[in-house]
2 protein chains.
Amino acid sequence: MQNNSHPSIGSSIQKMRKAHKLTLSSLSQKSGVSAATLSQIEADKVNPTIATLWKIAEGLEIDIQSLLSGLEKQRPMFDISRKDEITRFDTEEEGVHIRVFSPLSMAEDLEVYTLTFKPGQKLLSQAHPAKTEEFLTVVRGNIRVKAGENEAQLGPGDFIRYHADVEHHIENFGAETALINMVVRFKKGGE
Amino acid sequence: MQNNSHPSIGSSIQKMRKAHKLTLSSLSQKSGVSAATLSQIEADKVNPTIATLWKIAEGLEIDIQSLLSGLEKQRPMFDISRKDEITRFDTEEEGVHIRVFSPLSMAEDLEVYTLTFKPGQKLLSQAHPAKTEEFLTVVRGNIRVKAGENEAQLGPGDFIRYHADVEHHIENFGAETALINMVVRFKKGGE
DNA sequence: TACTAATATTCAGTATACTAAAATAACATC
DNA sequence: GATGTTATTTTAGTATACTGAATATTAGTA
């Protein structure tokens, strides 16, 4: 009813429905949402729930995000994390420093870390959620990376990316302190 | 209440809220959604409307889409790029080395670079496609980053993320060679 | 343990999203 | 323009999302 501030979603849904050449009734059948409700939503007379939106997206065989893309509010962004303000998870007793750079609003999407390994130290990680990928750039030192069945040794300037949805570990097998830049990506649903 | 089919959104919201170090009450204030409702949503006891979700996203200062992530499965992956095999775009004549680590199949989504700036050198980039973000970690040296209206000076250990869909540049204003790790993300657009 | 203060959850009432069914509108074909 | 057929909107009732207030939980302190 109100829909005071954010752009209306009704017209997008209607556009989608017509693009698929569906009537309110046919989309109602495919989605499980009543035609009456669909009508109200398209006319922006109601404020659909997520569950309803989800069903509609399924009925239209599209990603729910596509329906919401219209109501995004793009704002310019320029966030700085100073060295000293950065939250630090420090497993010092094991000789591994982990510094997280992007814990902010995007925590579920992309994270940037710096890892410092003292000689001989290693970091064992349990499997992350499905579709998680890790990207490592070795800045200094020599490390061994193991993910599931796979294993590799990397030196300065080397880069590796791997799926982190299996148990994996990183180990500094060299004599000097290793410095690694890591990016972790939690992929969103379907392509 | 029901929410049978689609992945629960409650835990994501809670994670986000805690990442921002907000209490239910403080988020309630920022978003305009009552703390009671927030509690119910986080516990997946209700089916929020998009209006509510939108307010929450605003309160968290994030994109509403970030709240709607799904899950899927995939095959294991383990790709290594050795230092010497890496494609190198070298603008040596300007004192800036750019090394690209992830040119492969994912180039349209996420790219990882290492940038080396000789003292005094700078790199000017035109606006990238809309929604592009850049993440910089300074490994060594001192740089100045400018994106649109914004500008900042960064030293070793500092991190910055900004929208790169405006003209932007990076400059080494210090006396030593600067080493930067950069991640560029091209966000997927709607439909 | 008792006492606060801060945070989170439950409760009862109200607002509203959702539905089925009825009413209306659009659109043919005679 | 009458009649049937299909598509959409309105209506009335029910289910439930949202809210403020009360209650419960947690954390810290003496």
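A polar contact is a pair of N or O atoms within 3.5 Å. Keep that cut-off in mind as you look through these views of a predicted model.

**View 1. Side chains of chain A meet the phosphates of DNA strand D.** Find Arg17(A): an N or O atom in its side chain is 3.3 Å from a phosphate oxygen of DNA strand D. Now look for Ser39(A), where a polar side-chain atom and a phosphate oxygen of DNA strand D are 3.0 Å apart.

**View 2. Asn47(B) uses its backbone to meet DNA strand D.** Here a backbone N or O atom of Asn47(B) lies 3.5 Å from a sugar or linking oxygen of the strand.

**View 3. Twenty residues surround DNA strand D.** Which of them come nearest? They are Leu24(A), Lys45(A), Ser34(B), Thr37(B) and Thr52(B). Of the DNA strand D atoms within 4 Å of the protein, 79% belong to sugar and phosphate. By class, this surface has 10 polar, seven nonpolar and three charged residues.

**View 4. Helices from both chains help to build the surface near DNA strand D.** At least two residues each come from α2 (24–31) and α3 (35–42) of chain A, and from α3 (35–42) of chain B. The largest share, three residues, is supplied by α3(B).

**View 5. Four strands of chain A form an open, antiparallel sheet.** Follow the order β5-β10-β7-β8. At the edges are β5 (122–125) and β8 (150–154), each pairing on one side only. From one strand to the next, the twist averages 10°.

**View 6. β5(A) pairs with β10(A).** Four bridges join β5(A) to β10 (residues 168–172) in the antiparallel sense. Look across from Ser125(A) and you will find His168(A) of β10(A) standing opposite.

Conventions. Residues numbered from 1 in each chain as written. Chains lettered and ligands numbered in written order. Predicted model: local features only at pLDDT ≥ 70, side-chain atom pairs only at ≥ 80, totals over all residues. Heavy atoms only, no water. Pairing = 2+ DSSP bridges. Axes fitted to C-alpha atoms, helices over the stretch in contact; angles between N-to-C directions. Near = heavy atom within 4 Å. Polar contact = N/O pair within 3.5 Å; in protein donor to acceptor, adjacent residues only side chain to side chain. Nonpolar A, V, L, I, M, F, W, Y, C, P; charged D, E, K, R; others polar.
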